[in-house]
Amino acid sequence: MKVMERVLEPELMTDEQQALAYAKADFSTSNQWYVDHLLADCPDQLGNVLDIGCGPGDVMLRLASARPSVRITAIDGSSAMIELARKAVKSARLEQRVTTLQGYVPGLPLKERSFDAILSKDLLHHLPDPTVLWSEARRLGRRGAAIYVMDLMRPESPQAAHDIVETVARDELPILKADFYASLCAAFTLEETKAQVSQSGLPLKVTQVSDRHMVIKGVLP
């Protein structure tokens, strides 16, 4: 069956009201799923962690709460998002363990081969060129570092995307529903993601984990 063509959305969520609506939305189910499975799959690689595309910070706070020994560097390209993340870290009194930084991939101002795990949730579909995420993961992760990425999958049609929005986010604000729809249309298919990973040369496994999510995970050689 033919899948609709990918429609790019803005790479960064720079509008403050848009970022605030995103931060207030309920992503608790998928965020907690991500953290729970990360902890189960990578129990020995969560020391010095990099979160690329951290958004308002909910995932990193859940991880920091679940694993008291973890140290997290959380990156986002949007000044509006990183400000929300900073406030969330301060409110949770986790400034000693979570560092927030505005930055872009590729070329993050971080020491090469310095992280035990490279994490990312819901960033991949924002990237016009997805290869920058995989190249940055290779550059910044130590040998044996975990790569753990979760993202949306593009539905087969615009109607299917609308149906997912109405099923999952029926009661959310219109601005958030519009963003969600755009994100679904900008996401990659499972096969496209497998091709990216193969091209990158990274030993990563791409797996569908829900009706709209996939996980890309593995260990750096």
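Start with one pair of charged residues. The side chains of Glu 83 and Arg 86 meet in a salt bridge, with 3.9 Å from N to O. That distance falls inside the cut-off, since a salt bridge needs nitrogen and oxygen within 4 Å. Both residues belong to helix α4, which covers residues 79-91. They sit three residues apart, about one turn of the helix. Glu 83 is partly exposed, at 35% relative accessibility. Arg 86 is partly exposed as well, with a relative accessible area of 37%.

Now step back to the whole molecule. This is a predicted model. The protein has eight helices and seven strands. Its radius of gyration is 16 Å, and the globule rule gives 17 Å for 221 residues. The two values are close, so the protein is as compact as a globular protein of that length. The C-alpha atoms fill a box of roughly 45 × 40 × 30 Å along the principal axes.

What share of the 221 residues is buried? Buried residues make up 51% of them. The accessible surface comes to about 10700 Å². Carbon and sulfur atoms account for 52% of that surface.

Contacts show how the chain folds back on itself. Take those between residues at least 6 apart in sequence. Of these contacts, 74% join residues at least 24 apart.

Charge comes next. The protein carries 25 positive and 29 negative side chains. The centres of the two sets lie 7 Å apart. How many salt bridges does a search of the whole structure find? It finds 12. The pair in helix α4 is local, with its two residues three apart. Other pairs reach further along the chain, as the next two show.

One of them joins Asp 41 and Lys 217, whose side chains meet at 2.9 Å, N to O. Asp 41 lies in helix α2, residues 28-41, while Lys 217 lies in strand β7, residues 213-219. The two are 176 residues apart in sequence, so the salt bridge ties together distant parts of the chain. Asp 41 counts as partly exposed, at 36% relative accessibility. Lys 217 is partly exposed too, with a relative accessible area of 29%.

Another salt bridge joins Glu 192 and Arg 154, again with 2.9 Å from N to O. This pair also links distant parts of the chain, 38 residues apart. Glu 192 is in helix α8, residues 190-200. Arg 154 is in the loop between β5 (141-152) and α6 (158-168). Are these two partners buried or partly exposed? Glu 192 is partly exposed, with a relative accessible area of 30%. Arg 154 has a relative accessible area of 8%. Buried means under 20%, so Arg 154 is buried.

Salt bridges can also involve three residues here. Glu 112, Glu 136 and Arg 139 are linked in a network of them.

Finally, return to helix α2, where Trp 33 is found. Trp 33 is partly exposed, with a relative accessible area of 27%. Which residues does Trp 33 touch, leaving aside those up to four places away in sequence? The contacts are Met 150, Val 209 and Val 215. Val 215 falls within the span of strand β7, residues 213-219. Glu 9 is another matter. Trp 33 and Glu 9 are 24 residues apart in sequence, and their C-alpha atoms lie 25 Å apart in space.

Definitions and conventions
Residues are numbered from 1 along each chain as its sequence is written. This is a predicted model: local features need pLDDT of at least 70, side-chain atom pairs count only at pLDDT 80 or more; totals for chains, interfaces and linings use all residues. Side-chain values use heavy atoms; hydrogens and water are left out. Helices (H or I, at least four residues) and strands (E, at least two) are DSSP runs, numbered from the N terminus. The radius of gyration is taken over C-alpha atoms; the globule rule is 2.2 Å times the number of residues to the power 0.38. Buried means under 20% relative accessible area, exposed over 50%, partly exposed in between (1.4 Å probe, protein chains only). Contact means heavy atoms within 4.5 Å. Accessible areas come from the Shrake-Rupley method with a 1.4 Å probe; for residues, only the protein chains shown count as cover. Lys and Arg count as positive and Asp and Glu as negative; His and the chain ends are not counted. The place of a charge is taken as NZ of Lys, CZ of Arg, CG of Asp or CD of Glu.
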